[in-house]
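Biologist: Hey, I'm new to this one. Could you pull it up and walk me through it?
Modeller: Sure, here it comes.

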Amino acid sequence: MAQNDFEKAQKLGEKAYKNALFKGQHPYLPVLDDIIDKDTIKGEVSLGLVDVPLDRVIGTSTAGRTQAFACNFMPLLDEKTEFGSKWAKLCEAHIEEGIHDPVKVYEYLNYFYVIEGNKRVSVLKYFGADSIPAFVTRKIPKYTDDKEIHVYYEFMDFNKSTGVNYIWLSEEGAYNELIDIVSRSKKNKHKNDDNITTAVGTVSDSMDGSGTAFRSQAAKVWSDDTLLEFRSAYYRFSKVYKEEGGDKLENITTGDAFLVMLKLTDFDTICELDNSEMHNMVDSVFQEFLLANGKEAPEISLDPPEQKRSIISHILPQYSASKPLKIGFIFDREPVQSSWLYAHELGRNYIKENFGDKVNTLKITTATNEQETMDAISDLVNSQGTEVIFTTTSKMIDASVKSAIKYPNVKILNCSLNTSHRYIRTYYARLYESKFLAGMVAGSLTETNKIGYIENYPIVGVMANINAFALGAKLVNPKAKVMLKWASAKEYQSREEIYNIYRAEGVDYVSDQDMITPNKASRNFGMYKLTDDEPINMTMTVYDWGVLYDKILNIILNGNWNSTDTDQDNKALNYWWGMSAGVVDIIISDKVPVDTRRLVNIFRQMIIDDKYSPFIGEIVDQNGEIISKEGELLPTDDIITMDWLVDNVDGYIPSMDELKEKARPIVEIKGVKKMPNEDTNDSGRGI
């Protein structure tokens with residue numbers, strides 16, 4: 001029996017050996033001594049006896065035994081050798097009573113290299129065991145700017161506070177996300193909170209009883225029962241994920257995929273899934289795993305597709321007064337309380353008038369958090385039969401994705417930008433085109449060369465608006481400076497305080513919120529001249545969400561929803577339409593000189609005709625770094641993901657700690673990719 005197993009294991013080893021050679025890879029076990037040297041190691045720490053995940057055991061400590069095994073730890077030597085005999089005896093022992101003697105390993109970057117016990121590891125890997133007991137010595141690398149080192153240091157903190165060593169995440173910040181999701185679960189909250197703290201301690205030298213690694217008793221973030229639930233859920237997920245082909249994805253770890261599913265559902269739900277339900281769940285969200293594996297930017301639709309009635313439209317439902325298309329709009333409060341939401345409410349009214357009795361629009365104005373948003377979507381779908389749903393703020397994105405997975409036949413769209421989710425579509429307006437034109441007006445009118453710009457949140461898309469405005473001002477007035485202030489920053493109590501600062505600094509024109517808030521009407525909107533009395537409005541950016549909603553609904557009604565999709569099934573689709581689509585425009589006051597209006601209108605038409613872009617030519621950031629050269633056009637993805645400010649902006653991108661509490665939820669979801677560290681004075685490109 002054991003000899004047969006050895007022969008099978010040897011064949012697996014030979015296959016792995018040949019495949020590695022074919023791919024030009026090293027066919028034997030990697031050797032830790034060949035990977036590191038003393039100059040790269042900060043020190044060592046003994047972790048004691050640890051239950052080590054076998055899929056993280058990848059090599060040996062020294063070169064002595066490496067060629068006895070293929071790169072998958074299966075044997076290569078002949079069965080008649082002493083090696084083969086010992087392997088077979090270990091195989092028999094495992095079948096009869098199991099292998100319990102610990103091996104000795106080094107851990108480096110959360111991979112394990114065997115010092116003693118290679119054959120035990122080989123036998124257990126052959127039988128598909130999850131883990132093996134081991135005495136572990138951790139080799140700690142010196143801290144560098146390398147991303148892998150950053151992630152590993154985050155893993156060590158995670159390991160110290162949870163004791164979990166079997167999950168590997170590849171992105172910075174992911175371990176904190178994982179801790180937060182599980183910590184907020186009902187299963188964790190219902191445990192004995194006296195046994196849980198969030199203090200930071202040191203690695204313990206004793207087992208914590210959870211069957212994983214160790215955690216400091218002073219650093220617990222999860223209860224012992226939660227740890228057991230987590231381990232069970234993760235290993236059940238891992239098995240199903242592998243069966244579904246997830247292990248063939250090269251750019252996403254099993255841990256990454258598990259975190260994706262946690263964010264799309266929740267920890268409590270996953271813990272309750274049986275094997276069949278786990279298969280269904282993994283299958284339903286597999287597109288998200290493919291998207292994460294690709295690590296590609298979403299597909300951006302810059303202009304509406306040509307409207308042609310598809311053949312499919314003849315078999316689609318024909319909507320009428322007796323059977324209207326039901327369209328839901330979800331707001332987090334009454335639209336009159338927000339200029340942003342009011343613009344979307346005008347858009348809802350536009351399609352009511354434009355489509356008449358073919359559509360029935362419904363709205364919910366009480367979705368203040370994720371659960372309320374999901375409840376609102378469920379009510380629209382189950383009680384009202386709604387087929388298309390627009391969620392109008394980016395903070396609703398998570399609820400939108402979870403609901404889209406739950407209701408795959410409902411078309412759910414979220415108003416946000418650069419969202420990498422395959423199950424919904426997102427929509428946004430290229431506001432920066434209008435901001436560029438407003439900047440031209442401000443740059444031509446300013447007498448002090450100091451122009452104010454008030455923004456709310458440092459989120460995706462906003463930097464493009466600020467920079468486009470500044471570039472427009474610079475185009476007509478090279479001396480113009482844009483004085484950037486954040487209304488959501490802790491340092492300002494109110495917008496009025498910012499206005500007073502501007503007056504003291506000599507700012508004469510200000511770009512403020514884009515339109516009025518109905519129940520808080522004032523003249524402080526658009527771009528205006530700042531005076532001691534009422535501001536004098538000069539330009540106003542117009543969001544015509546009604547035009548955007550109209551075009552999206554026509555895509556659906558004409559049967560083109562799928563044909564206008566991306567070329568690849570694993571890419572997300574974002575509608576980002578601008579002046580050429582009629583979604584964005586600018587109103588210029590008669591108070592602006594005729595020649596200035598004429599010049600701005602020339603540039604407006606060139607932008608509409610795609611003959612000019614605000615982000616063409618040489619662009620320099622605050623640090624003097626050349627972002628694009630003369631004659632170059634900044635790529636769309638770079639415009640969306642801007643995390644820097646141009647050289648004529650006097651201001652900074654605030655860190656999370658510098659924002660008011662109420663601003664943080666939306667910034668956590670859609671904040672720019674990089675933000676200045678609160679410990680630096682860098683006010684230019686994020687670090």
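Biologist: What should the 15 residues of α16 span at 1.5 Å a residue, and how far apart are its end C-alpha atoms?
Modeller: The expected span is 21 Å, and the end C-alpha atoms of α16 are 21 Å apart, which agrees. That expected span is 1.5 Å times one less than the number of residues. Before we go on, this is a predicted model: local features need pLDDT of at least 70, side-chain atom pairs count only at pLDDT 80 or more, and totals for chains, interfaces and linings use all residues. Residues are numbered from 1 along each chain as its sequence is written, and side-chain values use heavy atoms, with hydrogens and water left out.

Biologist: Is α16 mostly covered or mostly open?
Modeller: Mostly covered, with 14 of its 15 residues buried. Buried means under 20% relative accessible area, exposed is over 50%, and partly exposed is in between (1.4 Å probe, protein chains only).

Biologist: And how many helices and strands does the protein have?
Modeller: It has 22 helices and 21 strands. Those are DSSP runs numbered from the N terminus: helices are H or I with at least four residues, strands are E with at least two. Of the 687 residues of the protein, 54% count as buried.

Biologist: Switching topic: how many cavities of 30 Å³ or more are there?
Modeller: A search of the whole structure turns up three. On a 1 Å grid over the protein atoms alone, a cavity is a set of points where a 1.4 Å probe fits but cannot get out, and lining residues have an atom within 4 Å of a point. A volume is the space filled by probe spheres set on the points, which are joined across faces, edges and corners.

Biologist: What's the volume of the largest cavity, and which elements give two or more residues to its lining?
Modeller: The volume is about 50 Å³. The elements are α16 (431-445) and β16 (536-543), and β16 gives the largest share of that lining, three residues. Among the lining residues are Lys435, Phe469, Asp512 and Met540.

Biologist: What about the second largest cavity, how much space lies in it?
Modeller: About 40 Å³. Its lining includes Leu417, Tyr428, Arg430 and Trp576. β11 (425-429), α16 and α17 (462-476) each give two or more residues to that lining.

Biologist: So β11 comes up there. Why is it called largely enclosed?
Modeller: Because five of the five residues of β11 are buried. Both faces are covered, with Arg425, Tyr427 and Ala429 on one side and Thr426 and Tyr428 on the other.

Biologist: Which strands does β11 pair with?
Modeller: β10 (residues 411-415) pairs with β11 in the parallel sense over three bridges, and β17 (residues 573-577) does so over five bridges. Two strands pair if DSSP finds at least two bridges between them. Asn414 has Thr426 as its bridge partner in β11, while Tyr427 has Tyr575 in β17.

Biologist: How is the sheet with seven strands ordered?
Modeller: The order is β18-β16-β15-β14-β12-β13-β21, in an open sheet with mixed pairing. β18 (584-588) and β21 (649-650) stand at the edges with a single partner strand each, so one side of each has no neighbour in the sheet. Further in, β14 (residues 509-511) and β15 (residues 527-529) run antiparallel, joined by three bridges.

Biologist: Last one: is Ser339 buried or exposed?
Modeller: Ser339 counts as buried, at 15% relative accessibility. Ser339 sits in helix α13 (residues 339-355). Leaving aside neighbours within four places in sequence, Ser339 is in contact (heavy atoms within 4.5 Å) with Gln513, Met515, Ile516 and Thr517.

Technical notes
On a 1 Å grid over the protein atoms alone, a cavity is a set of points where a 1.4 Å probe fits but cannot get out, and a pocket is an open set with protein on both sides within 12 Å along at least five of seven lines; lining residues have an atom within 4 Å of a point.
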